[in-house]
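Biologist: Could you take a close look at the strands in this model and how they pair, and then follow the surroundings of a residue or two within them? I would like one connected account that I can read beside the coordinates.

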Amino acid sequence: QVQLVESGGGPVQAGGALRLSCVHSGTTSIIFNLAWFRQAPGKEREGIAAIYTPLDSTKYSDSVKGRFAISRDAAKNSLYLQMNTLEPADTGMYYCAASQEPIKSYDRLHAQYYDSWGQGTQVTVSS
């Protein structure tokens, strides 16, 4: 199973920016899909950005499209989430997830298709 460690969260003012990082390890096999999810208190976990590594094709939820950007550096085994124009509604725990099986495009923001998860990093956006 893939090990994932997130970092980069913290407090930020509305309108500000943060960059989350996730380092993955524990496998020499291909990781087909990497993604970012978030969970606010009392809410379900929400898939917000995903990348299909063989093509570096990306997918975003409507809630973050145009403000967030997912990217990766294969040489550093790292996944990133650049978050711009942050809003209080973006507050939550952010998780990195991985799947070593291919996931169909329309399923890439669904948590049940990912089998490895990080411990999360907290993002708090104040108004």
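Modeller: Phe68 stands opposite Met83 in strand 8, and this pair belongs to a model that is predicted. Strand 7 and strand 8, the latter covering residues 78-83, pair in the antiparallel sense over six bridges. Both belong to an open sheet of four strands, arranged in the order 1-3-8-7 with antiparallel pairing. Strand 1 (3-7) and strand 7 (68-73) stand at the edges of this sheet, and because each has a single partner strand, one side of each is left without a neighbour in the sheet. Averaged over the sheet, and with direction ignored, neighbouring strands are turned by 20 degrees against each other. As a general point, the strands of a sheet pair through backbone hydrogen bonds, in either a parallel or an antiparallel way.

Another antiparallel pairing is found between strand 5 (residues 46-52) and strand 6 (residues 57-60), which are joined by four bridges. Here Tyr52 stands opposite Ser57 in strand 6. The two strands, 5 and 6, make a hairpin with four residues between them, and in its turn Asp56 has a positive phi of about 55 degrees.

For the surroundings of single residues, Thr121 and Gly92 can be read together, since Thr121 counts Gly92 among its contacts. Thr121 is part of strand 11, which spans residues 121-126. Its relative accessibility is 10%, and Thr121 therefore counts as buried, the cut-off for that term being under 20%. Leaving aside residues up to four places away in sequence, Thr121 touches Glu6, Ser7, Gly8, Gly9 and Leu20, and also Gly92, Met93 and Tyr94. With Gly9 there is also a polar contact, in which a polar atom of the Thr121 side chain lies 3.1 Å from the backbone nitrogen of Gly9.

Gly92, for its part, lies in strand 9, which runs over residues 92-99. With a relative accessible area of 1%, Gly92 is buried. Not counting residues up to four places away in sequence, Gly92 touches Gln39 and Ala40 as well as Thr121, Gln122 and Val123. Gly92 and Gly120 are 28 residues apart in sequence, while their C-alpha atoms are 9.6 Å apart in space. Taken together, Gly92 in strand 9 and Thr121 in strand 11 are two buried residues that touch each other.

Notes:
Residues are numbered from 1 along each chain as its sequence is written. This is a predicted model: local features need pLDDT of at least 70, side-chain atom pairs count only at pLDDT 80 or more; totals for chains, interfaces and linings use all residues. Side-chain values use heavy atoms; hydrogens and water are left out. Buried means under 20% relative accessible area, exposed over 50%, partly exposed in between (1.4 Å probe, protein chains only). Contact means heavy atoms within 4.5 Å. Two strands pair if DSSP finds at least two bridges between them. Axes are lines fitted to C-alpha atoms, for helices over the stretch in contact, and angles run from 0 to 180 degrees between N-to-C directions. A polar contact is a pair of N or O atoms within 3.5 Å; within protein, one must be able to donate a hydrogen and the other to accept it, and residues adjacent in sequence count only if both atoms are side-chain atoms.
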